[in-house]
Amino acid sequence: MGNKIHPNALRLGYIHDWQSKWFSTKDAPALIGEDFKIRNLVRKAFRMAAVSWVGIERAGSYLRVNIHTARPGVVIGKKGADIEALRKNVEAMTSRKTYVNVMEIKDPELDSRLVADSIAVQLEKRIAHRRAMRRAMERTIQSGALGIKVMISGRVNGAEISRREWQREGRVPLHTFAADVDYGTAEAMTHAGLIGVKVWIFKKQHFVKSLKELQMMAKKEAALVAAAMSIESGEQPAPAPAPEGGR
């Protein structure tokens with residue numbers, strides 16, 4: 001057995017940001033519980049709106065709720081009626097002046113929670129699990145991801161004994177801090193019981209220099225070496241090369 005660490009918790013503060021942004025030493029437990037209730041309220045109200053995650057910001061008596069979704073029109077509703085109803089419910093729950101923002105997710109195929117939800121919906125419709133997994137992985141790779149891993153567990157295909165199956169395409173370096181790995185889960189309620197879906201998506205790697213940057217570094221080092229050799233030989237050093245794009 002291994003010691004499992006949440007991929008987002010491992011990268012929190014380095015390349016991933018917090019979903020709740022506030023600070024309070026006195027009321028922290030109550031505010032954490034309040035954030036949990038707000039997120040449950042949003043997910044319950046917009047179950048079919050492809051909501052990935054909910055950011056919460058607090059400043060004094062003000063509260064801001066940022067809903068990240070792939071279907072902003074469903075969240076906003078007709079003439080903003082749904083989003084206004086949500087704002088009133090949150091204000092009644094928290095007794096704070098509340099602002100609700102809707103953020104659109106441009107590439108839902110690169111969002112692990114939305115991909116997991118998509119697979120879960122297909123499992124509930126009795127689509128073959130390997131086909132659902134393969135289809136989601138192909139769409140994610142075509143959208144530009146460097147790798148994806150999908151795992152399902154439970155009574156797959158109505159089997160008597162639960163089992164775990166997983167597939168991977170590309171690289172998913174979970175132990176690399178600079179690797180931007182998005183992790184999401186979902187649950188499918190099938191006729192055989194609950195089936196869990198886990199998705200890891202490797203989007204990109206931070207702090208990696210491009211080929212152009214490496215070529216520029218090599219040119220600068222070569223210029224420095226040439227200048228040092230010319231000084232040693234008593235010649236006038238050649239001027240350093242101007243950066244590209246400069247005048």
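**Notes on helix H6 and a pocket**

1. Let's start with H6: its buried residues (under 20% relative accessible area with a 1.4 Å probe, protein chains only) are His129, Ala132, Met133, Ala136, Met137 and Thr140. They sit on the same side of H6, because they cover an arc of only 125° around the axis (taken from the directions from the helix axis to the C-beta atoms). Over on the other side, Arg131 and Gln142 are exposed, meaning over 50%.

2. Before you go on, note that this is a predicted model, where local features need pLDDT of at least 70, side-chain atom pairs count only at pLDDT 80 or more, and totals for chains, interfaces and linings use all residues. Residues are numbered from 1 along each chain as its sequence is written, and side-chain values use heavy atoms, with hydrogens and water left out.

3. What covers those buried residues of H6? The cover includes helix H5 (112-124) and the strands S5 (147-154), S6 (163-170) and S8 (193-205); contact here is heavy atoms within 4.5 Å. Helices are DSSP runs of H or I with at least four residues, and strands are runs of E with at least two, numbered from the N terminus.

4. Just past the end of H6, have a look at glycine 144, which takes a positive phi of about 115°.

5. Now the lining of the second largest pocket: 7 of its residues are nonpolar, 4 polar and 5 charged. Here Ala, Val, Leu, Ile, Met, Phe, Trp, Tyr, Cys and Pro count as nonpolar, Asp, Glu, Lys and Arg as charged, and the others, Gly among them, as polar.
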